[in-house]
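Visitor: I would like to learn how to read a model like this one, feature by feature. Where do we begin?

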Amino acid sequence: MGARDPNGIRPLVLGTFLSNGITRYVLASETCALDIIGAEYLREVEPGELVWITEAGLASFHWAKKPERKLCIFEMIYFARPDSLMHEETLYRYRVRLGEQLAKESPVDADFVMGVPDSGIPAAIGYSRHSGIPYEEGLIKNRYVGRTFIQPTQTMRESGIRMKLNPLKDVLAGKRAIIVDDSIVRGTTSRKIVREMREAGAKEVHMRISSPPVTHPCFYGIDTDSQDQLIAATKSVTEIAAQLGVDSLAYLSWEGMLAATGEDPNSFCSACFTGDYPVPVPDPLKRAKLRLEELAV
Ligand code: SF4
């Protein structure tokens with residue numbers, strides 16, 4: 001059995017494969033998991049749908065009274081893999097469009113564009129494509145350490161970053177670089193990356209972010225910190241730029257992020273950028289994660 005919540009906040013897909021001449025069904029969060037086992041993508045499980053797979057085949061029930069699609073936009077920006085399909089295209093293509101839009105909104109002159117591996121790379125390619133500024137690799141990722149932002153302590157996160165990315169000195173030395181990342185949550189990773197780029201000799205570092213400032217915590221299954229840990233919840237873009245040590249900083253607009261989906265902007269949750277939570281959050285949870293000023297509103 002597989003069930004999806006009435007808002008379809010998290011993705012869930014159905015695939016099929018043949019086993020001994022019989023069609024079998026498989027459920028996965030993302031289509032890239034189907035590719036691994038050689039299954040074919042059939043369709044997504046709808047918001048508020050329950051699918052029941054038995055020897056007899058597939059049965060479908062709609063259990064929610066008022067399903068209303070609110071897919072997590074952060075799945076499209078960062079969480080899901082770029083080789084997964086959403087809205088009948090890979091997320092790689094969506095993320096390239098985010099970078100193109102970012103270049104339209106926030107141009108800057110530089111010698112090259114680079115991405116923070118791996119999640120910032122498609123948007124960096126898009127930025128390069130739209131601006132005509134060459135794309136380069138300036139940071140090499142160590143593939144044997146995990147994602148930093150979900151590490152439980154600051155010390156673990158800092159050491160995680162040290163092990164994770166290594167700057168290419170002969171690419172960066174004496175150059176003006178545009179570095180593109182998918183988001184800034186606490187700013188820990190970005191600050192460290194900028195410092196390492198400067199130490200490697202970069203003359204100018206311009207940071208471009210392919211999503212708007214993250215100002216609110218998630219209450220729908222993503223373990224982000226409380227609001228006071230989010231750098232954009234308490235600081236302006238100018239203050240963040242100073243803290244990160246960049247020559248300039250710009251984020252993608254909320255409108256640009258949603259327009260690039262090509263879908264109805266109302267069919268997404270984007271609460272971590274706006275505080276507009278599509279599913280009511282119980283007060284004790286709010287009190288645990290939101291700042292006092294927000295609670296007073
Ligand atoms: S609050 Fe942000 S991370 Fe959480 S579901 Fe909404 S868009 Fe996704």
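Guide: Begin with a helix. This is a predicted model. Helix α7 covers residues 188–199, 12 residues in total. From its first C-alpha to its last it reaches 17 Å, close to the 16 Å expected at 1.5 Å a residue.

Visitor: Which residues of α7 are buried?

Guide: Burial is a neighbour count: 20 or more other C-beta atoms within 10 Å. In α7, Thr189, Ser190, Ile193, Val194 and Met197 are buried. Seen down the helix axis, these buried residues fall within an arc of 125°, so they line one face of α7.

Visitor: What follows α7?

Guide: Gly201 follows, with a positive phi near 105°.

Visitor: How many residues of α3 are buried?

Guide: 11 of its 15 residues are buried, so α3 is largely enclosed by the rest of the structure. They include charged side chains such as Arg95, Arg97 and Glu100. Leu91, Tyr94, Val96, Leu98, Gly99, Gln101, Leu102 and Ala103 are buried as well. The length of α3, residues 91–105, also agrees with expectation: 21 Å between the end C-alpha atoms, and 21 Å expected at 1.5 Å a residue.

Visitor: Now the core. Which residues have the most contacts inside the largest nonpolar core?

Guide: Val113, Ala177 and Ile179 do, in a core of 63 residues. Take Ala177. Leaving out residues up to four places away in sequence, Ala177 touches Ala110, Asp111, Phe112, Met114, Gly138, Leu172, Met197, Ala202, Glu204 and Val205. A second, separate core has five residues, among them Val13, Ala28, Leu34 and Ala39.

Visitor: Glu204 is on the contact list of Ala177. Where is Glu204 placed?

Guide: Glu204 is in strand β14, residues 204–209. Glu204 is partly exposed, with 17 other C-beta atoms within 10 Å. Beyond four places in sequence, Glu204 touches Ala110, Arg176, Ala177 and Asp247. Set sequence against space too: Glu204 and Met257 are 53 residues apart in sequence and 26 Å apart, C-alpha to C-alpha.

Visitor: Is Arg4 buried or exposed?

Guide: Count again. Arg4 is buried, with 23 other C-beta atoms within 10 Å. Arg4 sits in the loop between β1 (2–3) and β2. Its contacts, sequence neighbours up to four places away set aside, are Leu12, Val45, Glu46, Pro47, Gly48 and Glu49. The C-alpha atoms of Arg4 and Ala232 are separated by 31 Å, with their positions 228 residues apart along the chain.

Visitor: And Lys70: which residues is it in contact with?

Guide: Past four places in sequence, Lys70 is in contact with Asn7, Gly8, Ile9, Ser267, Phe268, Cys269 and Pro278. Lys70 lies in the loop between β6 (57–62) and β7 (71–72). Lys70 is buried, with 22 other C-beta atoms within 10 Å.

Visitor: Next, the ligand. Which residues surround it?

Guide: List the shell, then sort it by class. Ile9, Cys72, Ile73, Phe74, Cys218, Tyr220, Ile222, Cys269, Ser270, Ala271 and Cys272 surround the ligand. By class, the shell has 10 nonpolar residues, one polar and no charged. Two of the contacts of Lys70, Ile9 and Cys269, are in this shell.

Visitor: Which helices each supply at least two residues of the shell?

Guide: α2 (73–79) and α11 (271–274) do.

Visitor: Last, the backbone. What should I look for?

Guide: Look for exceptions. Most residues other than glycine have a negative phi, and most peptide bonds are trans. Asn20 has a positive phi, near 50°. Asn20 lies in the loop between β2 (13–19) and β3 (22–28). With 5 C-beta neighbours inside 10 Å, Asn20 counts as exposed.

Visitor: What is the phi of His87?

Guide: About 55°, again positive in a residue that is not a glycine. His87 is in the loop between β8 (85–86) and β9 (89–90). With 14 C-beta neighbours inside 10 Å, His87 counts as partly exposed.

Visitor: Which peptide bond is cis?

Guide: The bond from Pro117 to Asp118 is cis, with omega near -15°. Asp118 is found in the loop between β10 (112–115) and α4 (121–131).

Key:
Residues are numbered from 1 along each chain as its sequence is written. This is a predicted model: local features need pLDDT of at least 70, side-chain atom pairs count only at pLDDT 80 or more; totals for chains, interfaces and linings use all residues. A residue is near a molecule or strand if its C-beta atom, placed from the backbone, lies within 6 Å of it. Helices (H or I, at least four residues) and strands (E, at least two) are DSSP runs, numbered from the N terminus. A nonpolar core is a set of buried Ala, Val, Leu, Ile, Met, Phe, Trp, Tyr and Cys residues joined through C-beta atoms within 7 Å. A residue is buried if 20 or more other C-beta atoms lie within 10 Å of its own, exposed if 12 or fewer, and partly exposed in between; C-beta atoms are placed from the backbone. Two residues are in contact if their C-beta atoms, placed from the backbone, lie within 7 Å. The expected span of a helix is 1.5 Å times one less than its number of residues. The arc is that of the directions from the helix axis to the C-beta atoms.
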